[in-house]
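Please open the model in your viewer and keep the sequence panel visible. The tour below proceeds by selection, stating at each stop what is to be found there.

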Amino acid sequence: MSRSLGLFGYVGATQTGKTTLALRELEELAAEHRLPALVIDSRRASNLARFEHASDLERALRAVYGRDPRPIAWTPANEEELGRACRALDRVGRCALFVDELGTWRRVPELEVLFRTWAHRRVPVFVTAQNFGGDLGQAFLACGPRLRLFRSTGPAGLDTLRRWYGFDPARLLALPDFAFLPLELDRPRPGAIAPAKGESRR
C-alpha cells in the first residue's frame, strides 16, 4: 500500500512504544519514496543508537545529500543549529526529518516553516512528544498532522483531547504499551462544511 508524505506525530508517556512505531513508519516511508532521513536525536536516546551519528551538521548534511545518501542521526547543540539544519532541508528538499522529543526545543521558526512547506519541499516530518498540547505546539497542530496517540498521562493534554477532539481520557490512560488511537487532522472531521465545487487542495 502506498504511503503518502505528510506530518506525523507520535504522542504519549515515555516507554509506551511511540518511538518504536515512529521509526518503523519513517523507514518504510523513506524506503518507498527513496528519501534519505535526518534523525534529530534530541536526548541521545538509546533506541536511536543503531543509527550512525554525525559529529556536526556539515557531516550530517553530507550524509543525506551526498553521492550515496543514507540515514544519519545528529544532536544539535541548540535551537540555532537545529534551525540551520531546517533551512538546509527547506532549501534542498527531498529528505525525511525525524525529531525525537520535540518538546526539547524552544520555538524554532525554521522548523515551523517545514511544518508548512513539507509538501512543496518533499520533506515529510516525524516528531515524538510526551504532551499533546505543550510539546507539539500550535504551529504543528495547525498544519494538519496525522497523530498516533499512545497512553497519555498529562492532565492538560488529556483535557484538550477530550474538549476539542472527543477522546475519553480514561480510554487513553488505559492503553497498553504499543497500542495507540489515531487522530488524522489532515482530513475533514465529521460536521465539516463540504468544499465548493471545483475547489482543490493547496
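## First stop: strand β7

Select strand β7, residues 181-184: L181 and L183 form its covered face, while P182 and E184 form the uncovered one. Helices (H or I, at least four residues) and strands (E, at least two) are DSSP runs, numbered from the N terminus.

Before continuing, please note that this is a predicted model, in which local features need pLDDT of at least 70 and side-chain atom pairs count only at pLDDT 80 or more, whereas totals for chains, interfaces and linings use all residues. Residues are numbered from 1 along each chain as its sequence is written, and side-chain values use heavy atoms, with hydrogens and water left out.

Now add strand β6, residues 146-149, to the selection. β6 and β7 run antiparallel and are joined by four bridges; two strands pair if DSSP finds at least two bridges between them. Within this pair, L149 stands opposite L181.

## Strand β2 and its partners

Move next to β2 (37-40). Which way do its side chains point? A37 and V39 point one way and L38 and I40 the other, and all are buried. Here buried means under 20% relative accessible area, exposed means over 50%, and partly exposed lies in between (1.4 Å probe, protein chains only).

Display β4 (96-99) beside β2. These two strands pair in the parallel sense over four bridges, with L38 opposite L97. Then display strand β3 (residues 72-74), which also pairs with β2 in the parallel sense, over three bridges. In that pairing, I40 stands opposite W74.

## The nonpolar core

Select L38, L97, F132, L136, L147 and L149. Of the 65 residues in the largest nonpolar core, these touch the most other members. Such a core is a set of buried Ala, Val, Leu, Ile, Met, Phe, Trp, Tyr and Cys residues joined through side-chain atoms within 4.5 Å. In soluble globular proteins, nonpolar side chains tend to be buried together.

Center the view on F132. Leaving aside residues up to four places away in sequence, F132 touches V11, L141, L147, L149, G157, T160, L161, Y165 and L183, where contact means heavy atoms within 4.5 Å. L183 thus leads back to the covered face of β7.

## A buried aspartate: D100

Select D100, in the loop between β4 and α4 (109-121). D100 is buried yet has no salt bridge, and the nearest side chain of opposite charge, K18, is 6.7 Å away. Lys and Arg count as positive and Asp and Glu as negative, while His and the chain ends are not counted. A salt bridge is a side-chain nitrogen of Lys or Arg within 4 Å of a carboxyl oxygen of Asp or Glu.

What does the side chain of D100 contact instead? It makes a polar contact with the side chain of T128 (2.8 Å). A polar contact is a pair of N or O atoms within 3.5 Å; within protein, one must be able to donate a hydrogen and the other to accept it, and residues adjacent in sequence count only if both atoms are side-chain atoms. Beyond four places in sequence, D100 touches T19, I40, S42, A45, L48 and T128.

## An exposed arginine: R50

Select R50, in the loop between β2 and α2 (57-65). R50 is exposed, with a relative accessible area of 54%. Its side chain makes a polar contact with that of E27 (2.9 Å), and R50 touches L23 and E27, not counting residues up to four places away in sequence. For orientation, R50 and L181 are 131 residues apart in sequence and 28 Å apart in space, C-alpha to C-alpha.

## Salt bridges

The structure holds 15 salt bridges. Side chains of opposite charge can pair when their charged atoms come close. Among them, the following may be displayed in turn.

- R62 and E58 meet at 3.1 Å, N to O. The two are four residues apart in helix α2, about one helical turn; R62 is partly exposed at 48%, and E58 is exposed at 56%.
- R107 and E112 meet at 3.2 Å, N to O. R107 is exposed at 63%, whereas E112 is buried at 14%.
- D159 and R163 meet at 2.8 Å, N to O. Both lie in helix α6 (residues 155-165), four residues apart; D159 at 28% and R163 at 47% count as partly exposed.

Finally, select R146, D186 and R187, which are linked in a network of salt bridges.
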